[in-house]
Amino acid sequence: MTRDYRDTEQYQRFAEGLHERLEATGLVRAARCGGGALREDGALVLRSLGREIIVSPGSFLIENSFNMWYELVLLQYLADGDGCEPMDRWMGLGNFDDGGALRGSSFDMQVRDAAAKELSSFSAAEIARACRALGGEDAESMGDLTYDFLFAPHFPMRVQIWLADDEFSASAKVLVDGNAEHYLGIEAAGSAAVILMNLIAEQACQ
């Protein structure tokens, strides 16, 4: 039987502080600042990557979570968000004021490596289908394929994908909205970028 990741020491170590912060601020504020809504039972509901996410009151466990790291990043979004609306201005991870130049380039490399490893064998139609399954909307930009996603209601992300050819492997770049630092630091935002790339690859396999 597969062990639930929430039972692991790694999850509990990271989640403990996030749960404490959400307990202190409350799901009412988290819903208001994060673009979610509260049900009658007190649970927080919001849209993320094409699915409805439910955060249970008290335990702060997330129903419909993709994986552990996704859940932890989304909890940070809810704990730290200040309600700033998207600015409709895209920027790279390297533009973060707090450590973006160094850590942003590292995460950019992880995104490119993930695309080269996971997407090179897929066609444009297969990748487009995968992006749409995650709520992606076709956008005009650089790259062979560009899709806009909502990692969370106030946290848009743009993925630019260059398809593999006879000479080069697939490549990709993830951009975030100019309001990103109102919700996530560079570590969490970079993790979100890598998570999204891996989810696109998983969907392409289905």
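Helices (H or I, at least four residues) and strands (E, at least two) are runs assigned by DSSP and numbered from the N terminus, and two strands are said to pair if DSSP finds at least two bridges between them. The structure shown here is a predicted model, in which local features need pLDDT of at least 70 and side-chain atom pairs count only at pLDDT 80 or more, whereas totals for chains, interfaces and linings use all residues. Residues are numbered from 1 along each chain as its sequence is written, and side-chain values use heavy atoms, with hydrogens and water left out.

A good place to begin is the open sheet that four strands form in the order S1-S2-S3-S4, with antiparallel pairing. Its edges are strand S1 (37-38) and strand S4 (62-63), each of which pairs on one side only. Strand S3 (residues 51-55) is joined to S4 by two bridges in the antiparallel sense, and Val55 stands opposite Ile62 of S4. Helix H2 (residues 68-80) packs on this sheet, touching strand S2 (44-48), S3 and S4 (a contact means heavy atoms within 4.5 Å), and the direction of H2 makes about 115° with that of S2. Such angles run from 0 to 180 degrees between N-to-C directions, with axes fitted as lines to C-alpha atoms, for helices over the stretch in contact.

Between S4 and H2 there is a loop, and Ser65 lies in it. With a relative accessible area of 18%, Ser65 is buried, a word that here means under 20% relative accessible area, while exposed means over 50% and partly exposed covers what is in between (1.4 Å probe, protein chains only). Leaving aside neighbours within four places in sequence, Ser65 is in contact with Tyr5, Arg6, Arg51, Tyr70 and Glu71. The side chains of Ser65 and Tyr5 are also joined by a polar contact of 3.3 Å; such a contact is a pair of N or O atoms within 3.5 Å, where within protein one must be able to donate a hydrogen and the other to accept it, and residues adjacent in sequence count only if both atoms are side-chain atoms.

Further along the chain, strand S6 (residues 137-138) and S7 run antiparallel and are joined by two bridges, with Tyr147 in S7 as the bridge partner of Asp138. The hairpin of S6 and S7 has six residues between the strands, and in it Gly143 takes a positive phi near 100°. S7 also forms a hairpin with S8, with two residues between them; seven bridges join S7 to strand S8 (residues 155-162), again antiparallel, and Phe149 has Met157 in S8 as its bridge partner. Because six of the eight residues of strand S7 (residues 145-152) are buried, this strand is largely enclosed by the rest of the structure.

The largest nonpolar core has 68 residues, and those with the most contacts inside it are Leu119, Phe155, Met197 and Ile200. A nonpolar core is a set of buried Ala, Val, Leu, Ile, Met, Phe, Trp, Tyr and Cys residues joined through side-chain atoms within 4.5 Å. Helix H5 (residues 186-205) gives the most to this core, with 13 residues. Not counting residues up to four places away in sequence, Met197 touches several residues, including Val111, Leu119 and Val174.

Finally, the cysteines deserve a look. If a disulfide is taken as a pair of cysteine sulfur atoms within 2.5 Å, the count comes to zero. The sulfur of Cys131 is 13 Å from the closest cysteine sulfur, in Cys205, and is therefore too far for a bond.
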